[in-house]
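Me: I have a model open and would like to learn how to read it feature by feature. Could you walk me through it?

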Amino acid sequence: AVLAPSVRVMPPGEGIPAKYVAFSGIWGGRLDGMYDGKLAVLTISRSGNVTATYAWGDIADNKPGVADGEGKIFGNTLKLRRLPNGGDVSAVMQADGTLTVTYGLADRTYTGTFTKQ
């Protein structure tokens with residue numbers, strides 16, 4: 001999973017709740033222990049709306065790729081709208097500061113722990 005060098009995280013502005021700010025940044029990990037993934041949370045608004053970029057490596061018969069998306073944080077969960085490749089991404093903030101990321105694609109669900117890069 002490779003993010004373009006042009007991917008830039010914008011520091012969250014003042015007045016954005018700390019529970020949202022925690023999601024900001026570039027996260028990486030493995031889904032099902034074998035598939036690389038990266039989630040870049042680029043911008044966060046006061047209402048919890050986000051812009052993000054998700055990158056994946058080889059996963060099932062889906063070749064590596066990158067997709068830009070938008071979503072929203074609800075409580076401790078960030079949910080992106082369906083990506084152009086049909087993938088669904090959600091990320092749950094854990095007490096230890098990691099994200100449990102779930103990636104759904106073509107009737108399969110992959111899960112893994114992502115850490116801030």
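Me: Let me start with one residue: which residues is Thr 53 in contact with, leaving aside its neighbours within four places in sequence?
Reply: Contact means heavy atoms within 4.5 Å. By that rule Thr 53 touches Leu 3, Val 7, Lys 38, Leu 39, Ala 40, Leu 42, Val 66, Ala 67 and Asp 68, once the neighbours within four places in sequence are set aside. Keep in mind that this is a predicted model, where local features need pLDDT of at least 70 and side-chain atom pairs count only at pLDDT 80 or more, while totals for chains, interfaces and linings use all residues. Residues are numbered from 1 along each chain as its sequence is written, and side-chain values use heavy atoms, with hydrogens and water left out.

Me: Where does Thr 53 sit, and is Thr 53 buried or exposed?
Reply: Thr 53 belongs to strand S3. Elements here are DSSP runs numbered from the N terminus: helices are H or I with at least four residues, and strands are E with at least two. For burial, the cut-offs are under 20% relative accessible area for buried, over 50% for exposed, and partly exposed in between (1.4 Å probe, protein chains only). Thr 53 has a relative accessible area of 2%, so Thr 53 counts as buried.

Me: What does the side chain of Thr 53 make a polar contact with?
Reply: A polar contact is a pair of N or O atoms within 3.5 Å; within protein, one must be able to donate a hydrogen and the other to accept it, and residues adjacent in sequence count only if both atoms are side-chain atoms. Here the partner is the side chain of Asp 68, at 2.8 Å.

Me: Now the fold. How many helices and strands does the protein chain have?
Reply: There is one helix, alongside eight strands, and the order along the sequence is α-β-β-β-β-β-β-β-β.

Me: How do the eight strands run in the barrel?
Reply: Strands of a sheet pair through backbone hydrogen bonds, either parallel or antiparallel. Two strands are taken as paired if DSSP finds at least two bridges between them. In this model the eight strands form a closed barrel, S1-S2-S3-S4-S5-S6-S7-S8, with antiparallel pairing. On average, neighbouring strands of this sheet are turned by 30 degrees against each other, direction ignored; the axes are lines fitted to C-alpha atoms, for helices over the stretch in contact, and angles run from 0 to 180 degrees between N-to-C directions.

Me: Which residues can I follow from strand to strand?
Reply: Try Thr 77, whose bridge partner in S6 is Val 92. Val 92 in turn stands opposite Thr 100 in S7, and Thr 100 has Thr 113 as its bridge partner in S8. Three bridges join S5 (residues 77–80) to S6 (residues 88–93), six join S6 to S7, and seven join S7 (residues 99–105) to S8 (residues 108–116).

Me: Which residues take a positive phi around these hairpins?
Reply: In the hairpin of S6 and S7, with five residues between the strands, Gly 97 has a positive phi near 85 degrees. The loop between S7 and S8 holds Ala 106 and Asp 107. Ala 106 is not a glycine, yet its phi is positive at about 50 degrees; Asp 107, also not a glycine, has a positive phi of about 65 degrees. Ala 106 counts as exposed at 65% relative accessibility, and Asp 107 counts as exposed at 86%.

Me: Which residues touch the most other members of the largest nonpolar core?
Reply: In soluble globular proteins, nonpolar side chains tend to be buried together. A nonpolar core is a set of buried Ala, Val, Leu, Ile, Met, Phe, Trp, Tyr and Cys residues joined through side-chain atoms within 4.5 Å. The largest has 28 residues, and Leu 31, Leu 39, Tyr 54, Leu 99 and Tyr 103 touch the most other members. Strands S1 (25–31), S2 (35–44), S3 (49–56), S4 (65–74), S5, S6, S7 and S8 each give two or more residues to this core. Another core, of five residues, lies apart from it, with Leu 3, Ala 40, Leu 42 and Ala 55 among them.

Me: And how much of the protein chain counts as buried?
Reply: Of its 117 residues, 42% count as buried.
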